[in-house]
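Subject: Structure handover

Hello,

Here is the structure I promised to pass on. Please open it beside this email and follow along.

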Amino acid sequence: MKTFEPRISMITLGVADVAAATAFYQRLGFRRSSASNDNVTFFHMRGTVLGLFGRDALAADAAVEPTVPQGFEGVALAHNLGSRDEVDAAWDFAVECGARPVKKPHEVFWGGYSGYFADPDGHLWELAHNPFMQLDENGHMTLPE
């Protein structure tokens with residue numbers, strides 16, 4: 001029987017300038033792997049890898065036509081935190097590091113607290129505190145069965 005295990009090993013972001021995007025993520029505190037080179041950067045994350053690859057090169061690798069981002073791309077990366085204060089601190093720090101503020105953290109309709117910023121290429125990051133979901137000792141969200 002064939003199966004597909006539901007997990008993500010790596011998230012690759014297509015970027016306009018690998019060096020500039022790498023510098024931004026390093027300012028945020030991401031740790032660059034020695035496996036990186038001028039064309040691709042790999043960052044250590046807890047259980048996942050973040051990759052930065054030229055946008056056109058990523059499109060070529062996937063055999064799709066590259067497009068120019070026109071705004072919202074339909075994807076947001078989320079970083080869940082243990083409290084509202086942690087969300088505020090992370091959002092302020094991201095903006096200090098060069099992130100573009102998109103939506104300042106505030107109470108949201110579902111009972112949590114979240115805000116959004118964009119990296120230099122427009123990739124959205126949500127910073128959120130969800131009081132209904134626990135984080136484990138590694139900061140991973142745990143879901144009820």
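Start in strand β3, where F43 stands opposite L50 of β4. Keep in mind that this is a predicted model.

**Strands β1, β3 and β4**

Strand β3 covers residues 40-44, and five bridges pair it with β4 in the antiparallel sense. The two form a hairpin with four residues between the strands. In that hairpin, G47 has a positive phi near 90°.

Now look at β4 and β1. Strand β4 spans residues 49-54, and β1 spans residues 10-15. They pair in the parallel sense, over six bridges. One partner pair to find is G14 with F53 in β4.

As background, strands of a sheet pair through backbone hydrogen bonds, either parallel or antiparallel.

Stay in β3 for one more residue, T41. Is T41 buried or exposed? Its relative accessible area is 1%. The cut-off for buried is under 20%. T41 is therefore buried. Its side chain also makes a polar contact of 2.6 Å with the side chain of T22. Beyond its neighbours within four places in sequence, T41 is in contact with several residues, among them V18, R32 and S36. L50, G51 and L52 are also in contact with T41.

**The four-stranded sheet**

Next comes an open sheet of four strands. In what order do the strands lie? The order is β5-β8-β7-β6, and the pairing is mixed. The edge strands are β5 (76-80) and β6 (100-107), and each of them pairs on one side only. On average, neighbouring strands in this sheet are turned by 15° against each other, direction ignored.

Take β6 and β7 together. Strand β7 is made of residues 113-118. It runs antiparallel to β6, and five bridges join the two. Two pairs are easy to check. K103 stands opposite Y116 in β7, and P101 stands opposite F117 in β7. The hairpin of β6 and β7 has five residues between the strands. There, G111 takes a positive phi near 100°.

Then move to β7 and β8. They pair in the antiparallel sense over six bridges. Y113 stands opposite H129 in β8. This hairpin has five residues between its strands, and G122 takes a positive phi near 90°.

How many residues of β7 are buried? Five of its six are, so β7 is largely enclosed by the rest of the structure.

**Helix α3**

Helix α3 (residues 84-96) lies across β6, β7 and β8 (124-129). It runs at about 170° to β6.

Check its length. The helix has 13 residues, and at 1.5 Å a residue they should span 18 Å. The end C-alpha atoms are 18 Å apart, which agrees.

Which residues of α3 are buried? V87, W91 and A94 are. Seen down the axis of α3, the buried residues fall within an arc of 65°, so they line one face of the helix. A general rule helps here. An α-helix has 3.6 residues a turn, so residues three or four places apart point the same way.

What do the buried residues of α3 pack against? They pack against α1 (18-28), β6, β7 and β8. The face turned away from the buried side carries the exposed residues D85 and E96.

Look at both ends of α3 as well. At the start, a side-chain oxygen of S83 reaches to within 3.4 Å of the backbone nitrogen of D85. Just after the helix, G98 takes a positive phi of about 110°.

**One loop residue**

Finish with F72. It is found in the loop between α2 (55-62) and β5. Its relative accessible area is 64%, and F72 is exposed. Which distance separates the C-alpha atoms of F72 and G122? They are separated by 8.1 Å, while the two residues are 50 residues apart along the chain. G122 is the residue with a positive phi in the hairpin of β7 and β8.

Best wishes

Technical notes:
Residues are numbered from 1 along each chain as its sequence is written. This is a predicted model: local features need pLDDT of at least 70, side-chain atom pairs count only at pLDDT 80 or more; totals for chains, interfaces and linings use all residues. Side-chain values use heavy atoms; hydrogens and water are left out. Two strands pair if DSSP finds at least two bridges between them. Axes are lines fitted to C-alpha atoms, for helices over the stretch in contact, and angles run from 0 to 180 degrees between N-to-C directions. Contact means heavy atoms within 4.5 Å. Buried means under 20% relative accessible area, exposed over 50%, partly exposed in between (1.4 Å probe, protein chains only). The expected span of a helix is 1.5 Å times one less than its number of residues. The arc is that of the directions from the helix axis to the C-beta atoms. A polar contact is a pair of N or O atoms within 3.5 Å; within protein, one must be able to donate a hydrogen and the other to accept it, and residues adjacent in sequence count only if both atoms are side-chain atoms.
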